[in-house]
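Please look at the sequence and the structure shown here, and then follow the chain through one part of the fold before turning to the ligand.

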Amino acid sequence: MLVGLLKLIKQYIFRRELDLHQVYGGKESWALVTGGSDGIGFQYCIDLAKRGFNICIVSRNAEKIDLKIQELKQILGDQASSLKFRSVVADFSKMSQISQYQELATKVQDIDVGMLILNAGTAVFGKFQNLTDQEVEELVNLNAIHNVYLFKVFVDKLYLRQKRSAVVLLSSALGLSPVPGIAVYSASKAFLRHIGIGVGKEVRDKIDIQTFVCGQVNTSLNPGQASGLKTTAVMSVKNSLRDIGQDLATAGPIQHVLQGWIVKNLSFGVDKIMLKAAEKKSIEISAKKIQ
Ligand SMILES: NC(=O)c1ccc[n+]([C@@H]2O[C@H](COP(=O)([O-])OP(=O)(O)OC[C@H]3O[C@@H](n4cnc5c(N)ncnc54)[C@H](OP(=O)(O)O)[C@@H]3O)[C@@H](O)[C@H]2O)c1
């Protein structure tokens, strides 16, 4: 208990972010951000561009990425002219084989990726039985397969760079315990945590993997005011960046340490809330089908 408390004080009061560009970047280094066109991923793009990384966004919609790159340039102001931006279109929910990820990687084989942010993801509420086959396949492909397969096709290149490399895997507090009503999401995020921490220990001499056990963040995936346990993408990413290269896993903002504790230790309450939400969602979907 005391050791845990001292660790938290060190992390949240005394720790300073590494000079990420110095550690992971070079003259022409890139941060590749999956799902960088919105929410938490877009915030990584802003923050890593500010630290001097060129930005490559990978998501489904070319026009949306272009608009976000324009927005990013506006945010960066004069600094934007010294950086490069690139978009790659991919729908991870439809990709289930490593060969498809190798093909995707050829589109960025000419750039030096120093930071790989494996962030794209989504959630679908509903009891497992009520999800369609397609929903289950797409959830697994997007939330578990994409992160691991894309990392797999990058791992040798990242390992062989002269500088260290960093990888962020966007897990979730909902992966800390099996959660009904959103079980596929919960399981996929647990999978990411296991693989992130396990492989993180294997490659730590050259690659810093951060498993981000993220709590609630106000984004289009989880709309509603940020307050209490729900934070903003700005807070969330700021805390993730502070811990890269320092811990194999982080909860991000301090309130998400508490959120993780609740999911792990008060699962009876969490189960009730999530099952109710899933039930409500199923009723809404059935009502829509009838209309
Ligand atoms: N928000 C939270 O409370 C919360 C909590 C814990 C963990 N997380 C995790 O954080 C990550 C980001 O979530 P967010 O809240 O920022 O979500 P968001 O605002 O909905 O953004 C999701 C991003 O992923 C992209 N994306 C979605 N489906 C995709 C697909 N099939 N193929 C490629 N790209 C796809 C989206 O772009 P397009 O739609 O244009 O393709 C968008 O850029 C997710 O992994 C999520 O599970 C979020």
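Strand 1 (residues 29-34) and strand 2 run parallel and are joined by five bridges, where strands are DSSP runs of E with at least two residues, helices are runs of H or I with at least four, both numbered from the N terminus, and two strands pair if DSSP finds at least two bridges between them. Within this pairing, Val33 has Ile57 of strand 2 as its bridge partner. Between the two strands the chain passes through helix 3 (residues 39-50), in a β-α-β crossover that is right-handed, a term for a path from the first strand over the helix to the second that runs clockwise when the strands point away from the viewer.

This is a predicted model, in which local features need pLDDT of at least 70 and side-chain atom pairs count only at pLDDT 80 or more, while totals for chains, interfaces and linings use all residues. Residues are numbered from 1 along each chain as its sequence is written.

In a regular strand the side chains alternate between the two faces of the sheet. In strand 2, Asn54, Cys56 and Val58 point one way, Ile55, Ile57 and Ser59 point the other way, and all are buried (20 or more other C-beta atoms, placed from the backbone, lie within 10 Å of the residue's own).

Strand 2 also pairs with strand 3 (residues 85-89) in the parallel sense, over five bridges, and Val58 stands opposite Val88 there. Helix 4 (residues 62-76) carries the chain from strand 2 to strand 3 in another β-α-β crossover, which is right-handed.

Turning to the ligand, helix 3 contributes three residues to the surrounding shell, the largest share.

Conventions. A residue is buried if 20 or more other C-beta atoms lie within 10 Å of its own, exposed if 12 or fewer, and partly exposed in between; C-beta atoms are placed from the backbone.
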